[in-house]
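Me: Please take a close look at a single part of this chain, and describe in connected prose how that part is packed and what surrounds it.

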Amino acid sequence: MSDNRYIGVFDSGIGGLTVVKSIVECMPGENIIYFGDTAHVPYGTRSKRQITEYVLANVRFLRTFDIKAVVIACNTADSVAKEKVREVNPDLPVFGVVDPASRLAAVSTKNGRIGIIATKATVSTGVYKDAVEKRAKELGMKNIEIFQQACPLFVSLAEEGWWDTEVTRLT
């Protein structure tokens, strides 16, 4: 029997639509509902407590649609609050973006050096660094170097579609 309920996806803005696009490409028959919390963007400058409150509110909202799973398409929200979402919603499968991105970084590096740029909140958790190290260890990589840098303006530039500009490169 098919489960036609929605997969709920949310981000602090519109960037998570790239995650929705990937879900549609991988699972074209799935129903998806997307929530962009543009009222609180950017999350990365907020406290962990505030981010967690926003994330839990987003999941409560998505649950009003009887979702079968939730995807946290925001790096900051995933880094800060995914475990709390799982704790509060033990019956709901919860997926994030940190694990798949970390796996891709580990398998893609040619020299064992990986750079992580993220919001201040994401970098402060160390979640990406830990996840990349874990993936590298699983792959048998021994000499991995990870560099992290908070880039507070990056989210705003991305949300405005300024991906390939001189301002973005300088930032």
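Reply: A residue is called buried here when its relative accessible area is under 20%, exposed when that area is over 50%, and partly exposed in between (1.4 Å probe, protein chains only). This is a predicted model, in which local features need pLDDT of at least 70 and side-chain atom pairs count only at pLDDT 80 or more, whereas totals for chains, interfaces and linings use all residues. Residues are numbered from 1 along each chain as its sequence is written, and side-chain values use heavy atoms, with hydrogens and water left out.

The part chosen for the close look is helix H6, residues 127–138; helices (H or I, at least four residues) and strands (E, at least two) are DSSP runs numbered from the N terminus. From its first C-alpha to its last, this helix of twelve residues reaches 17 Å, close to the 16 Å expected at 1.5 Å a residue, the expected span being 1.5 Å times one less than the number of residues. After H6 comes Gly140, whose phi is positive, near 80°.

Which residues of H6 are buried? They are Tyr128, Ala131, Val132, Arg135 and Ala136. Seen down the axis of H6, these buried residues fall within an arc of 135°, so they line one face of the helix; the arc is that of the directions from the helix axis to the C-beta atoms. Lys137 and Glu138, on the other side of H6, are exposed.

The buried residues of H6 pack against two strands, E5 (113–118) and E6 (145–150), and against the helices H3, H4 (98–108) and H5 (120–125); contact here means heavy atoms within 4.5 Å. One member of the buried face deserves a separate look, namely Arg135, which has its place in helix H6. With a relative accessibility of 9%, Arg135 counts as buried. Leaving aside residues up to four places away in sequence, Arg135 touches Asp99, Ser102, Arg103 and Ala106.

Two of these contacts of Arg135, Ser102 and Ala106, are themselves buried residues of H4, together with Val98. The three cover an arc of only 60° around the axis, which puts them on the same side of H4. The buried residues of H4 pack against H3 and E5 as well as against H6.

Val132 of H6, one of the buried residues of that helix, leads to the question of the cores. A nonpolar core is a set of buried Ala, Val, Leu, Ile, Met, Phe, Trp, Tyr and Cys residues joined through side-chain atoms within 4.5 Å. In the largest nonpolar core, which has 20 residues, those that touch the most other members are Phe10, Tyr43, Val55, Val70, Ala77 and Val85. Helix H2 (48–63), strand E3 (69–72) and helix H3 (75–88) are the elements that give two or more residues to this core, and H2 supplies the largest share, six residues. Apart from this core lies another, of nine residues, among them Val132 together with Ile114, Val123 and Ile146.

Within the largest core, Tyr43 can be followed further: not counting residues up to four places away in sequence, the contacts of Tyr43 include Ile51, Tyr54 and Val55, as well as Cys74, Thr76 and Ala77. Gly44 lies in the loop between E2 and H2, and at 7% relative accessibility Gly44 counts as buried. Gly44 touches Thr76, Thr119, Lys120 and Ala121, again without residues up to four places away in sequence. From Gly44 to Val123 the separation is 79 residues in sequence and 9.3 Å in space, C-alpha to C-alpha.

Strand E3, which also contributes to the largest core, sends Ala69 and Val71 one way and Val70 and Ile72 the other way, and all are buried. E3 belongs to an open sheet of four strands with the order E2-E1-E3-E4 and parallel pairing, where strands pair if DSSP finds at least two bridges between them. The edge strands, each pairing on one side only, are E2 (31–36) and E4. Strand E1 (residues 6–11) is joined to E3 by four bridges, with Gly8 opposite Val70. E3 is joined to strand E4 (residues 94–95) by two bridges, and in E4 the bridge partner of Val70 is Val94, while Val71 stands opposite Phe95.
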